[in-house]
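Please find below some notes on the model, set out as numbered points. They deal with surface exposure, aromatic contacts and the chain as a whole.

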Amino acid sequence: MASEARITFAQVATDIQGDVEMNDLLVRLLEIFVQFGLESKKASEKAPIAAKASSCAFNLGMLIPVIASLVRRMPPINQPKVRLHKLFKDFWLYCVVMRFTQEECGIYPHEWYKGLCEIAVKSPLLISQTPFKSEFRELQYTAALRTDGVQSTEVQEFRNQILNLLGNPPQDVSNIIGKLTFAQCTYLLCVYWLEVLRVKHSDKPNFYYIFDYINDPAIQKDKSQIWKCVSSVGEKIFSEFLNVMASRPKTVETGKELENHAQFLLLYFNHPNDHVRMVADRYLSTLVSKFPQVLWNGNVLRTMLDILQMLSKTLDLDPNEGPTKIQVPGMRKSILLPDTLDGRENIVHDYADRIKGILKVALRWAPNTTRSHLQQYWLESGNSTSVYDHCGLSIIIEAIQEYKNSYDSAIPVPSTEKRSYRVKNDVSRFLDGTNQRSRFSGEVHGDVNRQKIVADLLVAVKSRNVVAMKEAYWLATALAIKLDKIDRHLLKIIGSVPVDFFEEVPMKVAIDCWNWILSARQDLEFLLLEEILLAWKATVERKMGLFSLDVPEDSPLAADEDSILEPKPPNVAAHDLWIRFFLERIEVAKYSSQDHIELFAMMLHGCLPLDIGERRNHISRHPAACGVRFRLLHCGLSLLQMDDLLPKSVNKNVLRERIYQTCLDYFAGPVKCPTQKEQKLLEDTISLLKFWQAMHSDKKHVKASVAGESENTLNLSFGEARLTPVSDVTKTSGGWINTVNLPGGSTISRKNIRTKKALGSEEKVRDYTRKRTLILSLLAVEIEFFSTWHNPLGSVENQLPGEQTVLQWRQSQYPINEKHWKEIINSSWDISPSLTVFLPSRLRNIEVATKEVERLVQLHPDHVAHIPEALDFLVTADSIINDIPMLSYMLHWERVSPVKALSYFSRQYPQHPITAQYAVRCLNSYPPDAVLFYIPQLVQAIRYDTLSYLQEFVKTLAKRSQLVAHQLIWNMNVNKFKDEEGHLKDPDLYDILDGFLQNLSTWSIIIQENQLLPARGNPELVLFINFFSFFIRLYDYFLNKYGDETTQEYQHARRNFVRSMAAYSVVGYLLQIKDRHNGNIMLDEDGHIIHIDFGFMFESSPGGNIGFEPDIKLTEEMLMIMGGKLDAAPFKWFMELCVQAFLAVRPYHEAIISLVSLMLDTGLPCFRGQTIKLLRARFGPQMTDREAAASMIEVVRKSTLNPRTKTYDYIQWVQNEIPY
């Protein structure tokens, strides 16, 4: 083709006007193209020289840009005339044969391929225009496809092309392809390339054409089963369509397109043709897997349920007289109906089952969002039609009933199956929310007073009236939904109410109302989320809930008269609900809205501090806030681990740094026992497990994130009225981590974050890996602690999903050699010294780790001088003996407990002026009654007070409190002697104490005024009834005293008995209290058991210290009170309490050992040389929590109904007539 002619045609194609004229020109151009194609085919058949054929192919290709310039200006050609349709078929056949469709072939100019893509977008489908013609018989007589001169090798080449394009088709399809003719092969290739190019290059791609091919009668009736091949081609086209949609930005427009595609497939799912239905079902499943957001899309759910309702109504119609198709509201296509009642029933049955499956998955992915859309559908359906026979509404209730976990998504299904009330609870809450929407929608119908609604809400919030607030909140929400215009001020109030009424119930109401707006008014979604996140920011700034400062709890080691030994957890219930709301909204936004993702990223940047172990920018470290903290962190990880959500920039890296730091911050404190109720503890443990799993999988995301970091610096602070999108950033000349703006004007500096620009990518990855491994180790320990506390007996049915995975990972990390331990400790110190000092206790007192922490603390004591627990690493026996210079830092250290202070006057530490001064300073800082409990130890500590610091403290203490003075006089007079009779003087203490007492005139005055004389021996004041003196069995006593087992009095007394039994059992085991005959066990009026007479303990026992009695006394009578059987619920509870008590006391084992150590020199017979060693072994400080629980369970089991207990009681009966 002459270039002049091509240029002329191109100019005409560009300038021609009028639909008829453009259509005529298109026909003419295609005719020329086909004519050149015929010439090319003839040339290739006759000419021995390939150059001639190539020349013809070149002439063909030159026409493609010309045709493209013409069709670019035309609308899609959907219903062409027969001639034009035939020409387009030939056009695509020649394009396939000449390989114009293959961009990568490299033979032809790229301009041709680009033009072909434009033509594909506008081309008609390659299907039969009439059902009476056989498409493939017609193809056999197309000049372009005549098999004259076609070699078998060429046919096989086309077959191989098809197989390669389809990837790995089913075997039956491969067999069919192996038998296809040349015409059939080229047709399949034409369909493939036309529709793939159409999908890839359309402005709004879709896959609807696939069903036109599948429904083509000529294809369906072809005896060669070409239909299966076309179906396989359709699968590949659909796959390309999904890839194209996945590459598009997550905008409202993209979401709307996906919504339309899902609705289209729902229509074809009910097609009369079984094969078409199966294809639609496969496509729908694939679409949902790739874009799960369609599951909880309100319009998709509405269409799905509407179709079911309309199909169900056709079952009441006569198939021979009724309509043959139904029109679904809002859809342009209709549903063809089978012509038999059985066929219709089968479709309705299959469709209803499919809907149940869809709702089940939707409720699992986004329970509250799905529930809100279903409530909105119920509301709209109830307003428009009768709900009496509405199948859609019936199936909603079934879905809510079957999915028991829609409200408690953190709880595993096995746990909810044990609580059947959850089913009814879900349904009732669903209906209550629906009724609220219906009621308040009606109340705002017509003219309403906006100012009054807002004023009522603000008054209810200010007065903290829950009932009034609930009414006003729902009414304000209904008004916001009703208004056509956007009322930003009203949205601000709706979003901010939980801040001013920060409690659990108002937060529940708020979330229900927020979900209502989000499901009913999608145009308000972004604005409402902005207001909600600004309200969240206010709780951070006001240090509320999760962000409140931890209230100091009274230590059991320093208790005084005013102490309340109860946990003081933060009020995080509202934040917990809020974060659960965020978790779901983030899950929804991940698939549908980049703008929302950026909002949530900004929120996380604003509330996750980088500091570890500090009080400013604080998140509560209380165990009650643990689950809430890690649910919030899980929000962040879920964003980071969707690699295409956040830009590969400083934003992503800093967010990961914040998450890691905030996670480690939780462990920068001493171990504390959980205080949550059973159900809350279960949820929090599952949250820890989920976060551990997410952190474990973060390894593969770290490298990609670090490799993609940019030089941008982002504004990470919240705006006042509108949050700044992450994309709105400005470049600075500094490095990527030099300075990032933070709330409050602070910055992230190179000192704060170790991931510096100077580090290479590999070193940064290693840095994150070290942190990640440390986090996983600490989380594994905490998970084991929480799960053991929740499931003390280790029952298999109560094990949580993923618990074994964490255990196996933890076991795989051990044993760790000395070098590795040192690396862990040093890495931790680089991250935070405040964290490092707690690692030995959290990682179960590994000696190597402890020594390395000692080294670091002694090198840099000023870094941790504010942490009392860190003093153990600075002040050791060796550091005192060596008189290290850093010991002087002790004088300015945070105070320790009275027990620890007294321990510096014991065998545990050599005497030193600095330790003595510090100890006395600490003791002086406590009120006298806090020291009162340790008077025996205080008196014994004088034995080691070589510098008289403690003696001066005793004088001062006696002047501050008469009660303490009385106890001191009493104890000093007793402890001057080694024996109870007061004959054998203590060689170390007698002279000191005697002179001490005689030289204090103040003490004489106290004695005279109070007439209190010192007593010798161990006087006992019995305040309780020894029931054994009445010769009555314990169980019978309970029945006589409190009534039958079913009475409230009996059950209350039994609870008291079980609690006190557990406490005494653990104490008795740890201190090895013996001589537990029935005369030394008493009861109070409320059923508490009381032990008395502790003359035998530690290494002493009756009968010459043979240790005959078991660790715990658990007789048959005691067992009867606790259910009578080992598997009875009260006895299991007793065992659980024993385990929990043991776990609770283990963190205090060093303090208890110090108390005992202070008494070792008294000469008491219970100290026989191995006391401390055996006592420490019973605590098992290096055992894991699960191992400690198992050891305690074993102690209880061996002690229960132990024959040695009965034998000992019998001996006491024979010798002392003590009943048993």
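1. Tyr1210 has a relative accessibility of 44% in this predicted model. That value lies between the 20% limit for buried and the 50% limit for exposed, so Tyr1210 counts as partly exposed. The residue belongs to helix α56, which covers residues 1203-1216.

2. Tyr1210 is also part of a nonpolar surface patch, together with Ile1211, Trp1213, Val1214 and Tyr1220. The accessible area of these residues together is about 480 Å².

3. Aromatic pairs number 52 in the structure. Such a pair of rings is described by the distance of the centres and the angle of the planes. For Phe211 and Tyr268 the centres are 4.6 Å apart and the planes make an angle of 35°. An angle under 30 degrees would be stacked and one over 60 edge-to-face, so this pair is tilted.

4. The Phe211 and Tyr268 pair links distant parts of the chain, with the two positions 57 residues apart in numbering. Phe211 lies in helix α10 (residues 208-214) and Tyr268 in helix α13 (residues 252-268). Phe211 is buried, at 0% relative accessible area. Tyr268 has 14% relative accessibility, and because buried means under 20%, Tyr268 counts as buried too.

5. How are the rings of Trp296 and Tyr591 placed, in distance and angle? Their centres are 6.4 Å apart and their planes stand at 65°, so the pair is edge-to-face. This pair also links distant parts of the chain, 295 residues apart. Trp296 is in the loop between α14 (274-290) and α15 (298-314), while Tyr591 is in the loop between α26 (573-589) and α27 (594-607). Both residues are buried.

6. Phe211 and Tyr268 reappear in one aromatic cluster. Its other members are Phe207, Tyr208, Phe238, Phe241, Phe264 and Tyr283.

7. Two arginines can be listed with a charge over a ring. The charged end of Arg198 sits over the ring of Tyr209, 4.4 Å from the ring centre. For Arg895 the ring is that of Tyr926, and the distance to its centre is 3.8 Å.

8. On the chain as a whole: it contains 56 helices and four strands. Of its 1220 residues, 54% are buried. Its accessible surface comes to about 54,100 Å², and carbon and sulfur atoms account for 53% of that. Among contacts between residues at least 6 apart in sequence, 77% join residues at least 24 apart.

Technical notes. Residues are numbered from 1 along each chain as its sequence is written. This is a predicted model: local features need pLDDT of at least 70, side-chain atom pairs count only at pLDDT 80 or more; totals for chains, interfaces and linings use all residues. Side-chain values use heavy atoms; hydrogens and water are left out. Patches are made of residues with over 30% relative accessible area and no salt bridge: like charges are joined within 9 Å, nonpolar side chains (Val, Leu, Ile, Met, Phe, Trp, Tyr) within 5 Å. Accessible areas come from the Shrake-Rupley method with a 1.4 Å probe; for residues, only the protein chains shown count as cover. A salt bridge is a side-chain nitrogen of Lys or Arg within 4 Å of a carboxyl oxygen of Asp or Glu. Buried means under 20% relative accessible area, exposed over 50%, partly exposed in between (1.4 Å probe, protein chains only). Rings of Phe, Tyr and Trp (its six-membered ring) pair if their centres lie within 6.5 Å; planes under 30 degrees apart count as stacked, over 60 as edge-to-face and the rest as tilted. A charge sits over a ring if NZ of Lys or CZ of Arg is within 6 Å of the ring centre and within 35 degrees of the ring normal. Contact means heavy atoms within 4.5 Å.
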